[in-house]
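Reader: I should like to be taken through this structure one feature at a time. Please give the general idea before each case.

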Amino acid sequence: MLDLFRAEWMKIGGNRIVTTAFIWIYPASAFMLLIFAMIAAGVSETFRQQVLPSPPQWTQQVMFPWIIINSELGRMMLVAFAGDVFGGEYQRQMWKNLLPRRRRHQLILNKFLTIAAYALFAFVLMCIIVGVLSGFVTAIAGASYGPNPMQMSGDEWSVFVRQFGSQASIAFAAALLAACYAALGGIFTRSILGAIVFGVLFTLAEQGIVIVLLIISQITQTPELLQVYLLTPGYNLANLSSWSAFGGGYVPLFITNIEVSAFSVETSTLLVLGWIA
């Protein structure tokens, strides 16, 4: 299985246009934006005055990229990436060359794992870039960039590691779900474009179901019907992210007019795993 993983990793990396557009764009964008911020800190007194009153902390900066990664936009990018990986096997007729040598379930499971691992590697790299370069921006502005890692208590490190790990796990699950959508699209359409379109439509459908539920609930006078949205993968990923970042669950604004509470971490985790399975 390790050989399969290594081969798939090299194969995905060889498609530089796709990986750059949908995966490496994350750390590359963070790098470029912070380089510009460093320049601004060096030449603009106004910029420095904005940083000095409340300088950022590295623990916050390292966590910030997960907000973008675990958003709907981030999931769309993952769907497009996974769509090329899965749809490409059909469009380029690579399965015919691979299947005689390996069992089908091994190839497919390995592809899921590699897509998620590839995405997670780029995401963690983005977090590191943001954390390190934000320190340079803060230093150029003349502010302190705390907290000092050597002076952080065990409890503080525990909280940080737990939050970072949970957000990384959510991103890994989101990548697996994106691969699921793309795999279904590839199977049905036998093309890269079809896999991407199918996956994007599936992702949009998670939000589109809100409109459908709102219309039906108003017609039938059953606002409780809106709770069906809480079963979708998108909600449960957002709920897990909210529990991790803020210590509380996520309740969408459109269902706050009825008595409903956010799912627990355990419930959302089980539902996300169920959708992936």
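Author: The dialogue below moves from the overall fold to one helix, then to aromatic rings and a surface patch. This is a predicted model, in which local features need pLDDT of at least 70 and side-chain atom pairs count only at pLDDT 80 or more, while totals for chains, interfaces and linings use all residues. Residues are numbered from 1 along each chain as its sequence is written, and side-chain values use heavy atoms, with hydrogens and water left out.

Reader: How many helices and strands does the protein chain have?

Author: Helices (H or I, at least four residues) and strands (E, at least two) are DSSP runs, numbered from the N terminus. The protein chain has 13 helices and zero strands. Its C-alpha trace spans about 60 × 55 × 35 Å along the principal axes.

Reader: What share of the residues is buried, and what share of the contacts joins residues at least 24 apart?

Author: Buried means under 20% relative accessible area, exposed over 50%, and partly exposed in between (1.4 Å probe, protein chains only). Of the 277 residues in the protein chain, 41% are buried. A contact means heavy atoms within 4.5 Å. Among contacts between residues at least 6 apart in sequence, 78% join residues at least 24 apart. As for the surface, accessible areas come from the Shrake-Rupley method with a 1.4 Å probe, and for residues only the protein chains shown count as cover. The protein chain exposes about 14,700 Å², of which carbon and sulfur atoms supply 69%.

Reader: How should the length and setting of helix α12 be read?

Author: The expected span of a helix is 1.5 Å times one less than its number of residues. With 14 residues, α12 reaches 20 Å from its first C-alpha to its last, close to the 20 Å expected at 1.5 Å a residue. Because 10 of its 14 residues are buried, α12 is largely enclosed by the rest of the structure. Among those buried residues are Pro233, Tyr235, Leu237 and Leu240. Their cover includes α7 (72-91), α10 (154-189), α11 and α13 (265-276). Just after α12, glycine 247 takes a positive phi of about 75 degrees.

Reader: Is asparagine 239 buried or exposed, and which residues does it touch?

Author: Asparagine 239 is found in helix α12 (residues 233-246), and it counts as buried because its relative accessible area is 0%. Leaving aside residues up to four places away in sequence, asparagine 239 touches Gly249, Tyr250, Ala262, Phe263, Ser264 and Ser268.

Reader: What does the same reading give for α7, one of the helices that cover α12?

Author: Helix α7 has 20 residues and reaches 27 Å from its first C-alpha to its last, close to the 28 Å expected at 1.5 Å a residue. Since 16 of these 20 residues are buried, α7 is also largely enclosed by the rest of the structure.

Reader: How many aromatic pairs are there, and how are they classified?

Author: Rings of Phe, Tyr and Trp (its six-membered ring) pair if their centres lie within 6.5 Å; planes under 30 degrees apart count as stacked, over 60 as edge-to-face and the rest as tilted. The count by this rule is 19 aromatic pairs. The rings of phenylalanine 5 and tryptophan 9 have centres 5.8 Å apart and planes at 40 degrees, so this pair is tilted. Both residues lie in helix α1 (residues 2-14), four residues apart, about one turn of the helix. An α-helix has 3.6 residues a turn, so residues three or four places apart point the same way. Phenylalanine 5 is partly exposed at 23% relative accessibility, and tryptophan 9 is partly exposed at 27%.

Reader: Which pair links distant parts of the chain?

Author: The rings of tryptophan 24 and phenylalanine 121 have centres 6.1 Å apart and planes at 85 degrees, so this pair is edge-to-face. Tryptophan 24 lies in the loop between α2 (16-22) and α3, and phenylalanine 121 in helix α9 (residues 104-140), 97 residues apart. Ring pairs also link Tyr26, Trp58, Trp66, Phe123, Trp157, Phe160 and Phe164 into a cluster.

Reader: Which residues make the nonpolar surface patch?

Author: Patches are made of residues with over 30% relative accessible area and no salt bridge (a side-chain nitrogen of Lys or Arg within 4 Å of a carboxyl oxygen of Asp or Glu). Like charges are joined within 9 Å, and nonpolar side chains (Val, Leu, Ile, Met, Phe, Trp, Tyr) within 5 Å. Here Phe31, Met32, Phe36, Ile39 and Val43 make a nonpolar patch of about 530 Å². Valine 43 is found in helix α3 (residues 25-43) and counts as exposed because its relative accessibility is 68%.
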